[in-house]
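Work through the exercises below with the sequence and the structure at hand. Try each task before you read its solution.

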Amino acid sequence: MNSKFIRFILNIFYPSRCPVCGSFIGYNDDFCEKCKDSLNIFKDSFTIAEADGTCASFIYDEHISPAIMLLKDGICGNADFALGNALAQTVSESGFAGKADVIIPVPLHKRDKFSRGYNQVELIAKQMSAKLKIPVCFKAVEKVRHTSSQKSLTKAERLTNLSGAFAAAHPELIQGKSILLIDDVCTTGATLSELTRLLKENNASQVFCACCCKTEINKNEGDSNGNQSL
């Protein structure tokens, strides 16, 4: 069944709202016009070790954070649709869509997924898949070790915290594939770096990293490769 028609029917019973301010919007809209105009597009560049390309849709700030928080608080609302559509457009403009065989969302540990009720990045991936016509693979990688929250950790601590946290559950789904690895928010890039390394170790041919939001880059800091801070 056509996804637009499904949204139209659902909108009759559950009217769509802007994931930033909560105001009512059209069934096929992502944000209200006022909030959309306030969003800051990410126009900078950043690097992820071993990745073949990176992109992000928005700067992570107070204008977009309410939409991210809806997902992380287990509410969802229209946030997955809005963010998924935005990232699909960014990926298309970056040229990665035509190169990717499969979309892989950053996995959650089963404890966190149970607590939230879903993996918010999987929901975003589904919206992207519908838009880009690229299949999503949910089984290739998994988070096998529960980790501390990354929020208060330094970049070095984040890398240590995530070391060995992910595993290739089905390496055959990775081998020889060009992969679009996606996340909702990228701060230091530690999560994407660890997963990119894992995918390349399992013979992925290419890994492109894309995130809905990227924190602003501190030009005065450098990463381990001498590039801009992640």
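**Exercise 1.** Leaving aside its neighbours within four places in sequence, which residues is T215 in contact with?

*Solution.* The model used in these exercises is a predicted one.
- Step 1: Locate the residue. T215 lies in the segment after β6.
- Step 2: List the contacts. Beyond the neighbours within four places in sequence, T215 is in contact with F42, Y60, C186 and T187.
- Step 3: Look for a polar contact. The side chain of T215 reaches the backbone oxygen of T187 at 3.4 Å, and the cut-off for a polar contact is 3.5 Å.
- Step 4: Check the accessibility. T215 has a relative accessible area of 17%, so it is buried, the limit being under 20%.

**Exercise 2.** Find the pairing of strand β1 and state how well the strand is covered.

*Solution.*
- Step 1: Find the partner. Strand β1 (residues 53-59) is joined by 6 bridges to strand β6 (residues 206-214).
- Step 2: Give the direction. β1 and β6 run parallel.
- Step 3: Pick one bridge. A56 has C211 of β6 as its bridge partner.
- Step 4: Judge the cover. In β1, 6 of the 7 residues are buried, and the strand is mostly covered.

**Exercise 3.** Decide whether C18 and C55 take part in disulfides.

*Solution.*
- Step 1: Recall the bond. A disulfide is a covalent bond between the sulfur atoms of two cysteines.
- Step 2: Set the cut-off. The two sulfur atoms must be within 2.5 Å. By this rule the count is 0 disulfides.
- Step 3: Test C18. The nearest cysteine sulfur belongs to C35 and is 3.8 Å away, and C18 is in no disulfide.
- Step 4: Test C55. Here the nearest cysteine sulfur is that of C211, 7.2 Å away, and C55 is in no disulfide either.
- Step 5: Add the accessibility. C18 counts as buried because its relative accessibility is 3%; C55 is buried as well, with a relative accessible area of 6%.

**Exercise 4.** Check the length of helix α4 against the expected span, then describe its cover.

*Solution.*
- Step 1: Work out the expected value. Helix α4 (residues 79-94) has 16 residues, and at 1.5 Å a residue it should span 22 Å. The rule multiplies 1.5 Å by one less than the number of residues.
- Step 2: Compare. The end C-alpha atoms of α4 are 22 Å apart, which agrees.
- Step 3: Describe the cover. α4 is mostly covered, with 12 of its 16 residues buried; among them are F81, L83, N85 and V91.
- Step 4: Look past the end. G95 follows α4 and has a positive phi, near 90°.

**Exercise 5.** Classify two of the aromatic pairs in the structure.

*Solution.*
- Step 1: Choose the quantities. A pair of aromatic rings is described by the distance of the centres and the angle of the planes.
- Step 2: Count the pairs. The whole structure holds 3 aromatic pairs.
- Step 3: Take F42 and F46. Their ring centres are 5.7 Å apart and their planes are at 80°, so the pair is edge-to-face. F42 is buried at 9% relative accessibility, and F46 is buried at 6%.
- Step 4: Take F96 and F208. This pair is stacked, with 4.7 Å from centre to centre and 25° between the planes.
- Step 5: Place the second pair. F96 is in the loop between α4 and β2 (102-105), while F208 is in strand β6, 112 residues apart. F96 is buried at 7%, and F208 counts as buried at 2%.

Key:
Residues are numbered from 1 along each chain as its sequence is written. This is a predicted model: local features need pLDDT of at least 70, side-chain atom pairs count only at pLDDT 80 or more; totals for chains, interfaces and linings use all residues. Side-chain values use heavy atoms; hydrogens and water are left out. Buried means under 20% relative accessible area, exposed over 50%, partly exposed in between (1.4 Å probe, protein chains only). Helices (H or I, at least four residues) and strands (E, at least two) are DSSP runs, numbered from the N terminus. Two strands pair if DSSP finds at least two bridges between them. A polar contact is a pair of N or O atoms within 3.5 Å; within protein, one must be able to donate a hydrogen and the other to accept it, and residues adjacent in sequence count only if both atoms are side-chain atoms. Contact means heavy atoms within 4.5 Å. Rings of Phe, Tyr and Trp (its six-membered ring) pair if their centres lie within 6.5 Å; planes under 30 degrees apart count as stacked, over 60 as edge-to-face and the rest as tilted.
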